[in-house]
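Me: Please take a close look at the ligand site in the model below. I would also welcome an account of the surroundings in which this site is placed.

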Amino acid sequence: MEAKLLKKQRPKHLNLFKISQPLPAIVSIMHRISGVLLFFPGIPLLLYGLQMLLESADSFEALHTLIQNPLVKGLILMFVWFGLHHLCAGIRYLALDLHYGIALAHARASSKWVLAVSVTLTLAVGITLW
Amino acid sequence: MVKQNGRIVTGAHYGLKDWLVQRVTAVLMTAYIILFAVVVWISSPLDQAKWVAIFGHQWMRIASFLFLVSLMWHAWVGVRNVLMDYIKPVSVRLALQILVIVSLLVYLVWAVEILWS
Ligand code: HEM
């Protein structure tokens, strides 16, 4: 049934590398990518960290030294950013679901806020971490 | 409307439920994240004993457990949505979905072990 509808030759402009996406679309695809990365390797890393934190004084020390490594710090910060972006963009979706900020201008503005707030909070976490 | 014979085993659950689950779990997780941030901020735990003390409270363990259940459920609905968009062959999709479910369940058992030991 779909095939019939699609028979009509319509122009396609779906080269994702050529078309320039509006900001809400970028925030949206970042929400999806961050969601997948939070699932893997995010969740196992989170649980592993929690385990090292609580298991024993030794594991806590090991975690402490691990976190000193600048590479590990950078990775943690990256996941903090994924998480915060997913959280902020998620809250934006919840608002949109309730029909807050549906107008195009508002939706554009709120997607800017999502980017700004998640980056700012990530930097704040980074500063406390260092 | 969706036709009955158009349904496939790995398809959407053709209803509002999963959509709602994703929203409810999102709200619960957000509440927990705020709670957790406040608790950590107030007690600013720098040594291990303090962290153990925070998670020593039964209410904190239960809240964390509920958070993790929400997270696993949310991740299941979310990852399944992504798989439905990009993975077309039913066999591959089903296999990946099973992999996701099994790993989420293992994570949950692991979480219980961490919280209650
Ligand atoms: C580690 C935790 C989390 C993981 C692994 C995760 C994973 C995912 C995934 C894979 C999706 C599907 C993305 C898509 O279909 O494009 C999703 C959607 C969503 N997430 Fe999360 N998420 C997490 C935490 C959160 C939190 C804390 C919130 C709170 C606001 C949230 C809010 C949402 C919302 C509202 C959606 C639906 C978006 C839509 O339907 O387009 N998520 N999540």
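Reply: Read along the sequence, chain A runs in the order α-α-α-α-α. The chain thus labelled has five helices and zero strands, where helices are DSSP runs of H or I with at least four residues, strands are runs of E with at least two, and numbering starts at the N terminus. The model is predicted, so local features need pLDDT of at least 70 and side-chain atom pairs count only at pLDDT 80 or more, whereas totals for chains, interfaces and linings use all residues. Residues are numbered from 1 along each chain as its sequence is written, chains are lettered from A and ligands numbered from 1 in the order in which they are written, and side-chain values use heavy atoms, with hydrogens and water left out.

The site itself is centred on the iron atom of the ligand, for which the protein donors are His86(A) and His74(B). Each contributes its NE2 atom, and these lie 2.0 Å from the iron; a donor is an N, O or S atom within 2.8 Å of the metal (3.2 Å for Na, K and Ca), and sites may look incomplete since water is not among the atoms. Six donor atoms surround the iron, and the arrangement is octahedral because they subtend angles of 86 to 179°. The term octahedral requires six donors with opposite ones over 155 degrees apart and all others between 65 and 115.

The histidine pair crosses between chains. His86(A) belongs to helix α4 of chain A, which spans residues 70-97, and His74(B) to helix α3 of chain B, which spans residues 58-86. His86(A) is buried because its relative accessible area is 17%, the cut-offs being under 20% for buried, over 50% for exposed and partly exposed in between, with a 1.4 Å probe and protein chains only. His74(B) is likewise buried, at 14%. In the UniProt record, an unreviewed entry, His86(A) is listed as "binding site"; such positions are given in the numbering used here, feature names are shortened, and annotations may be inferred rather than shown by experiment. The record also places "binding site" at His74(B), again from an unreviewed entry.

The helices that carry the two histidines also take part in salt bridges, of which the structure holds three over all chains. A salt bridge here is a side-chain nitrogen of Lys or Arg within 4 Å of a carboxyl oxygen of Asp or Glu. In one of them Arg32(A) pairs with Asp85(B), with 2.8 Å between the closest N and O atoms. This pair crosses between chains, from helix α2 (residues 23-55) of chain A to helix α3 of chain B. Arg32(A) counts as partly exposed because its relative accessibility is 24%, and Asp85(B) is partly exposed as well, at 40%.

A salt bridge also connects the side chains of Asp97(A) and Arg23(B), at 2.7 Å from N to O. Asp97(A) lies in helix α4 of chain A and Arg23(B) in helix α1 of chain B, so this contact joins two chains. Asp97(A), with a relative accessible area of 27%, is partly exposed.

Within chain B, Arg80(B) forms a salt bridge with Asp18(B), the closest N and O atoms being 3.2 Å apart. Arg80(B) is in helix α3 and Asp18(B) in helix α1, so the pair ties together parts that are 62 residues apart in sequence. Arg80(B) is buried, at 3% relative accessibility, and Asp18(B) is buried at 10%.

Helix α1 of chain B, at residues 17-43, also contains Leu20(B). Leu20(B) joins Leu16(B), Trp19(B), Val24(B) and Leu28(B) in a nonpolar surface patch of about 480 Å². Patches are made of residues with over 30% relative accessible area and no salt bridge, nonpolar side chains (Val, Leu, Ile, Met, Phe, Trp, Tyr) being joined within 5 Å and like charges within 9 Å. At 43% relative accessibility, Leu20(B) is partly exposed.

As for chain A as a whole, buried residues make up 28% of its 130 residues. The unreviewed UniProt entry lists residues 36-54, 74-93 and 113-129 of chain A as "transmembrane region". The span 36-54 is 100% helix and 0% strand, with its end C-alpha atoms 27 Å apart. For residues 113-129, the end C-alpha atoms lie 24 Å apart, and this span is 100% helix and 0% strand.

Notes. Tetrahedral: all angles 85-135°; square planar, octahedral: opposite > 155°, others 65-115°. Areas by Shrake-Rupley, 256 points an atom, 1.4 Å probe, with all protein chains shown as cover.
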